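Dear colleague,

I am passing on the model we spoke about, with notes on what was found in it. Please read them with the structure open beside you.

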Amino acid sequence: MLQLIYVSTARSSETIDLDDILAKSRRNNRRDGITGLLHAKGRRFLQALEGDVVKVEAAYARIAGDPRHFALVVLSRRLVEAREFGDWAMATDDGSGTAVAQVGKLVEGAAPSVRGTFEGFAGMRAA
Ligand SMILES: Cc1cc2nc3c(=O)[nH]c(=O)nc-3n(C[C@H](O)[C@H](O)[C@H](O)COP(=O)(O)O)c2cc1C
């Protein structure tokens with residue numbers, strides 16, 4: 001299956017409703033067998049998507065065309081044997097000081113470089 005990780009920046013002109021994004025994402029992802037993690041820090045997003053290659057690429061194409069964010073940069077696109085981010089239709093953290101621990105748990109099974117990226121992002125947030 002495909003694991004795709006990207007970062008993006010929220011448009012400053014938009015008021016980002018994370019709950020709305022998550023609700024829709026989880027509905028779609030459940031339908032498509034996609035799981036992953038969405039990390040939001042200030043205006044920055046870091047997201048991991050895992051699932052069937054065609055489904056993940058289709059979801060990413062939709063996400064990339066979403067005017068609520070821009071400057072998407074794919075950090076990693078690799079085939080994985082099993083999900084590394086758990087079974088969440090789209091996990092996130094609540095922005096509290098426990099973000100590092102939460103992300104740490106979710107990325108326990110991920111490749112070292114992937115884990116480092118997420119832990120670094122979460123750590124910056126907690127700092
Ligand atoms: C940061 C961010 C992450 C998103 N993540 C997902 C996602 O994981 N799955 C998804 O279907 N849509 C996601 N979306 C929403 C898509 O951009 C798009 O609005 C949605 O897929 C459209 O669904 P619909 O065609 O069913 O209305 C995300 C949007 C943003 C801004």
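Which backbone nitrogen lies 3.1 Å from a polar atom of the side chain of Asp52? It is the backbone nitrogen of Val54, and the pair falls under the term polar contact (two N or O atoms within 3.5 Å; within protein, one must be able to donate a hydrogen and the other to accept it, and residues adjacent in sequence count only if both atoms are side-chain atoms).

Before going further, please note that this is a predicted model, in which local features need pLDDT of at least 70 and side-chain atom pairs count only at pLDDT 80 or more, while totals for chains, interfaces and linings use all residues. Residues are numbered from 1 along each chain as its sequence is written, and side-chain values use heavy atoms, with hydrogens and water left out.

The chain as a whole

The chain holds four helices and four strands, taken as DSSP runs numbered from the N terminus (H or I and at least four residues for a helix, E and at least two for a strand). Along the sequence they follow the pattern β-α-β-β-α-β-α-α. Of the 127 residues, 43% count as buried, where buried means under 20% relative accessible area, exposed over 50%, and partly exposed in between (1.4 Å probe, protein chains only).

The ligand

The shell around the ligand comprises 15 residues, of which Lys24, Ser25, Asn29, Arg62 and Asp66 are the closest; a residue belongs there if one of its heavy atoms lies within 4 Å of the molecule. By class, the shell has six nonpolar, five polar and four charged residues, with Ala, Val, Leu, Ile, Met, Phe, Trp, Tyr, Cys and Pro counted as nonpolar, Asp, Glu, Lys and Arg as charged, and the others, Gly among them, as polar.

Polar side-chain atoms of three residues deserve a look: that of Ser25 lies 3.2 Å from a nitrogen atom of the ligand, that of Asn28 lies 3.0 Å from an oxygen atom of the ligand, and that of Arg68 lies 3.3 Å from an oxygen atom of the ligand. Taken alone the ligand exposes 630 Å², and the protein buries 82% of that (areas by the Shrake-Rupley method with a 1.4 Å probe). The elements that give two or more residues to the shell are α1 (18–32), β3 (44–51) and α2 (53–64), and α1 gives the most, with five.

Asn28 itself lies in helix α1 and counts as buried because its relative accessible area is 17%. Its C-alpha atom is separated by 9.9 Å from that of Met90, although the two residues are 62 apart along the chain.

Asp52 and Asp32

Asp52 lies in the loop between β3 and α2 and, at 44% relative accessibility, counts as partly exposed. Asp52 and Asp32 are 20 residues apart in sequence, and their C-alpha atoms are 8.2 Å apart in space. Asp32 is found in helix α1, where it is buried, with a relative accessible area of 14%, and its side chain makes a polar contact of 2.9 Å with the side chain of Arg31.

One backbone angle

Most residues other than glycine have a negative phi. Ala71, however, has a phi near 55°, a positive value. Ala71 is placed in strand β4 (residues 69–79) and counts as partly exposed, since its relative accessibility is 45%.

With best wishes
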